[in-house]
Amino acid sequence: QVQLVESGGGLVQAGGSLRLSCAASGRTISSYTMGWFRQAPGKEREFVAQITWGGDNSYYADSVKGRFTISRDNAKNMVYLEMNSLKPEDTAVYYCAARLVGAGSEYRYWGQGTQVTVSS
């Protein structure tokens, strides 16, 4: 079992920045692909970014490409999402998720989420 706890959300003005953190416990995340997802009010949860187990490859939704950066520190069991040039449409609850390498494409472990609100 992997437990995930997100932090770093808050209220920020458009154009501002936030850094989300995801602390993992229970198991080392070095064997897990890690991702960030978000869910805005009244919308489906959507993919934001993903980073491979070694941190050598990352992928982003088109809507955040060039503005958000995902990173990880396996030694600290941490994953981060640096968010710059924030827009009101980035307002959502952001979730950290983990997927065991070689165990399929579904993210099995999820955190409780952290609220990000971007004011115009």
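**Salt bridges and burial in a predicted chain**

Q: Why is Glu46 called partly exposed?
A: The relative accessibility of Glu46 is 35%. Partly exposed covers the range between buried (under 20% relative accessible area) and exposed (over 50%), with a 1.4 Å probe and protein chains only. The value of 35% therefore places Glu46 in the partly exposed class. The model is predicted, so that local features need pLDDT of at least 70 and side-chain atom pairs pLDDT 80 or more, while totals for chains, interfaces and linings use all residues. Residues are numbered from 1 along each chain as its sequence is written, and side-chain values use heavy atoms, without hydrogens and water.

Q: What makes the contact of Glu46 with Arg38 a salt bridge?
A: The closest N and O atoms of Glu46 and Arg38 are 2.6 Å apart. A salt bridge requires a side-chain nitrogen of Lys or Arg within 4 Å of a carboxyl oxygen of Asp or Glu, so this pair qualifies.

Q: How do you know whether Arg38 is buried or exposed?
A: Arg38 has a relative accessible area of 5% and is therefore buried.

Q: Which residue besides Glu46 pairs with Arg38, and where does it lie?
A: Arg38 also forms a salt bridge with Asp90, at 2.9 Å from N to O. Arg38 belongs to strand S4 (residues 32-39), whereas Asp90 sits in the loop between S8 and strand S9 (92-100), 52 residues apart. Both partners are buried. Through shared partners, salt bridges join Arg38, Glu46, Arg67 and Asp90 into one network.

Q: What makes Glu82 and Arg19 a link between distant parts of the sequence?
A: Their side chains meet in a salt bridge of 3.8 Å, N to O. Glu82 lies in strand S8 (residues 78-83) and Arg19 in strand S3 (residues 18-25), so the pair ties together parts 63 residues apart in sequence. Glu82, with a relative accessible area of 29%, is partly exposed, and Arg19, at 46%, is also partly exposed.

Q: How many salt bridges does the structure hold?
A: The structure holds five salt bridges.

Q: How many helices and strands does the protein chain have?
A: There are zero helices and eleven strands. These elements are DSSP runs, numbered from the N terminus: H or I of at least four residues for helices, E of at least two for strands.

Q: Why is the protein chain described as compact?
A: The radius of gyration, taken over C-alpha atoms, is compared with the globule rule, 2.2 Å times the number of residues to the power 0.38. The chain has a value of 13 Å, close to the 14 Å given for 120 residues, so it is as compact as a globular protein of that length.
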